[in-house]
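The following note is addressed to a colleague who is reading a structure of this kind for the first time. Please keep the sequence and the 3D view open while going through the points.

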Amino acid sequence: MQVMTNSGEKTDADNIRYLKGIGPKRALALEKLGISSIKDLLFFFPRRYEDRTQFTSIKKIIPGHYATIKGKILAAGLKSRKFARPVIFEAVLGDDEGTVPAVWFNQPYLKSCLQSGIEIIIYGKADLYNKRLQFHAPEYELIEAGEVAAIHTGRITPVYSLTEGIFQRSLRQTIFKILEKRLQLEIREYLPQSFRQEHKLMSLLEAIKEMHFPSAFNLQEEARRRIVFDEFFIFEINLLKKIERMKTKYKAPPFSAPPDFVETFQENLSFVLTGCQKQALNEILRDTSSEVPMNRLLMGDVGSGKTVVAAFTILAAALSGKQAALLVPTEILAVQHHTNLKKLFKNFGLTLKLLTASTSIKERDKTVAFLAQGKIDCLVGTHSLLQEDVRFQSLGLVVIDEQHKFGVHQRSRLLERTPRPHQLVLTATPIPRTLALTVFGDLDISVMKSMPVGRKAVKTYWISRDKQEKVLEHILQKVKKGEQAYFIFPMIEETEKSDLLAAKNEFERLSNGALKTANMGLVHGKLSADVRDGAMKAFREGKTEILIATSVIEVGVDNPNATVMVIENAERFGLSQLHQMRGRIGRGDKESECFLFGEPTTDEGKKRLRILTKTHDGFVIAEEDLKLRGPGDFYGTRQSGQPLFKVADPTFDEEILIQARDAAKKLISENLLTKDGSWAQLKNFLDQLPINY
Ligand code: ADP
Ligand code: MG
């Protein structure tokens, strides 16, 4: 994690350029690896290790296997074929039981250090050449006066990531020397001994040493644990401080809607809220009645009914004389929310407006003016809401739907004003606990685990293309019964370069062929807003029975009468994305079915589709997705693509994460950093970190 390496002012002397054996050229190359100071180098840990501790006698070498050999050079020299390329240097190595040659290409200088009579250790793979065993370019190390430096061989050896101009051997050597000479100078322990004992943490100096040159594998593991703990610990402390700052620095307008509004509004709905919805709503209303800005994430699987919870919150704001903004990622969704909310609020006299990239200039000007005069209670829209001149008179609530579609930066744009609005963030991508503790650590979370009653899991089938005709027939049957269907394609138009099916072409083909008896609509990202809205409206109102679409309908679209979905080239979509799309059906009380057509070529691809056929639980799917993709996708997005942690992997290291988090909580809540002198070093260290980290 960069926080540990970037601490403090850097003086010129710290620059690695001035290290012996580095110089300006290598320094530049190292910069590519993110290394500019000696401290950086100390925190540049190996990518992996090789066990070169076990010596093999020459007789026992197995062709094709790696081995470490200790022996004497019996003969050495350039294999002279004048001017021949490559130049080959050969040394024949012997021990008590046998001999074996090792060759190096184009390193003629080796002849001055690997001379006959010298004792050396080599590590490498011996292969058969002309039926004779031979090492090719093994790593080597001299034994001088019976002793080895044991940097490259005869030990658990670090292997670092490299870049052009940086070589394994010299990097290893440089780091070894720094550890010998400067470790004490560069690194100071900042955790009190008693704390380290309590949490069974190795000292920082020892940990750094053991990370680079482990004296045993279990010690490397312990060292890693210390480094990982530090990364989490410092991260969590900063997070807690940030939350504290938020709470004390900013003030939000407390909502003061009449207490019976919940009941009144409930009576306007055609259903009763689920227990989960009620609880989430209670948490939200408690938060928004206070001056501390709400920062809450409402997490619920697709179809769990987050919109109506948001609607209650918007109403609470409006009844308190505050404006609300509802930010959504797509125009289709903006239109849908706007239409729905207008219906829901019709007995409350609220003014709602829609603002997207397709809003006419005239309409936009009017909306912006009304907004500034406080004549609009709730503005629903896309990124257009984030524009400079869109100003609210008294913004009290920001709701962000489908949070994962927005960057953190975009999300905060609307909040940066005084007083600070309450924030409600909706997500259908359940966030595993480790992520909740890190990436989203500054949000409070409400989880809706159960679905509205009567919901049935969508039956999902992964089927081969030769069954397509049968599926189409089956769908026509359903359409005849008044149900509706989605067909999803990965592309808008066919291209020569790809053999993926495309929405436009398939629309033509199907509406003139197998599905010609059905009324069909088409939506994709290249249509004008009017045409797209028209198509969505027609589908929602049942005027079209089958909707051909691209992934534009992935988020949020709600038509409870749609009960079938066909996804073509399903291998082209990610697991969570497929689950989101599938979430468009199974929204009413009728049995729903999803048919996946796809021929994944990788095992991962096959696994994705298989998971979908087996489970409908968004939480399980999110965990599986995380396992398949690795956490990079989630963690990477927090700060300009930089991973949050250098060594730690929150999924893999969850146990340490929880431990570090609890320790950080205690430290902050008991104010130990300032109260207890033994934490002075850490406090110093933290004070040097950039604020808002
Ligand atoms: P999501 O959480 O995916 O955004 P929506 O808010 O779009 O889900 O809700 C999905 C559907 O469920 C909508 O048609 C909505 O009217 C309906 N719904 C929401 N809450 C309930 C409930 N408590 N009982 C029955 N239906 C509900
Ligand atoms: Mg939604």
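The points below deal with the ligand, the pocket around it and the enclosed cavities.

1. The model is predicted, and the remarks that follow should be read with that in mind.

2. The surroundings of ligand 1 are a suitable place to begin. There are 17 residues around this ligand, and those that come nearest are Gly303, Lys306, Thr307, Arg455 and Asp558. Sorted by class, the shell around ligand 1 holds six nonpolar, six polar and five charged residues.

3. Polar atoms of the protein approach the oxygen atoms of ligand 1 at several places. In Thr307, a side-chain N or O atom is 2.6 Å from an oxygen atom of the ligand. For Lys306, a polar side-chain atom lies 2.7 Å from a ligand oxygen. Ser304 takes part through its backbone, where a polar atom is 3.5 Å from an oxygen atom of ligand 1. On its own, ligand 1 has 570 Å² of accessible area, and the protein covers 85% of this.

4. Where does ligand 1 sit? Ligand 1 takes up space in the second largest pocket. This pocket has a volume of about 1000 Å³. Its lining consists of 36 residues, of which Phe271, Val308, Asn340, Arg455 and Asp558 are the closest to the centre. Arg455 and Asp558 are also among the residues that come nearest to ligand 1.

5. The composition of this lining deserves attention. The second largest pocket is lined by eleven nonpolar, 15 polar and ten charged residues. Helix H12 (306-319) and helix H13 (331-344) each contribute at least two residues to the lining. Which helix gives the most to the lining of the second largest pocket? It is H13, with six residues.

6. Enclosed space should be considered separately. Rolling a probe the size of a water molecule over the atoms shows where empty space is left. Across the whole structure, the search finds three cavities of 30 Å³ or more. The largest cavity contains about 50 Å³ of space.

7. The walls of the largest cavity can be listed by residue. They are formed by Ile22, Arg26, Leu30, Ile166, Phe167, Ser170, Leu171 and Thr174. Helix H2 (23-32) and helix H5 (168-181) are the elements that give two or more residues to this lining. H5 provides the largest share, three residues. By class, the lining of the largest cavity comprises five nonpolar residues, two polar residues and one charged residue.

How values were computed: Residues numbered from 1 in each chain as written. Chains lettered and ligands numbered in written order. Predicted model: local features only at pLDDT ≥ 70, side-chain atom pairs only at ≥ 80, totals over all residues. Heavy atoms only, no water. Near = heavy atom within 4 Å. Polar contact = N/O pair within 3.5 Å; in protein donor to acceptor, adjacent residues only side chain to side chain. Areas by Shrake-Rupley, 256 points an atom, 1.4 Å probe, with all protein chains shown as cover. 1 Å grid on protein atoms, 1.4 Å probe; cavity = no way out; pocket = protein on both sides within 12 Å on 5 of 7 lines; lining within 4 Å. Sits in = over half its atoms within 2 Å of the grid points. Nonpolar A, V, L, I, M, F, W, Y, C, P; charged D, E, K, R; others polar. Points joined across faces, edges and corners; volume = space filled by probe spheres on them. Helix = DSSP H or I, 4+ residues; strand = E, 2+ residues; numbered from the N terminus.
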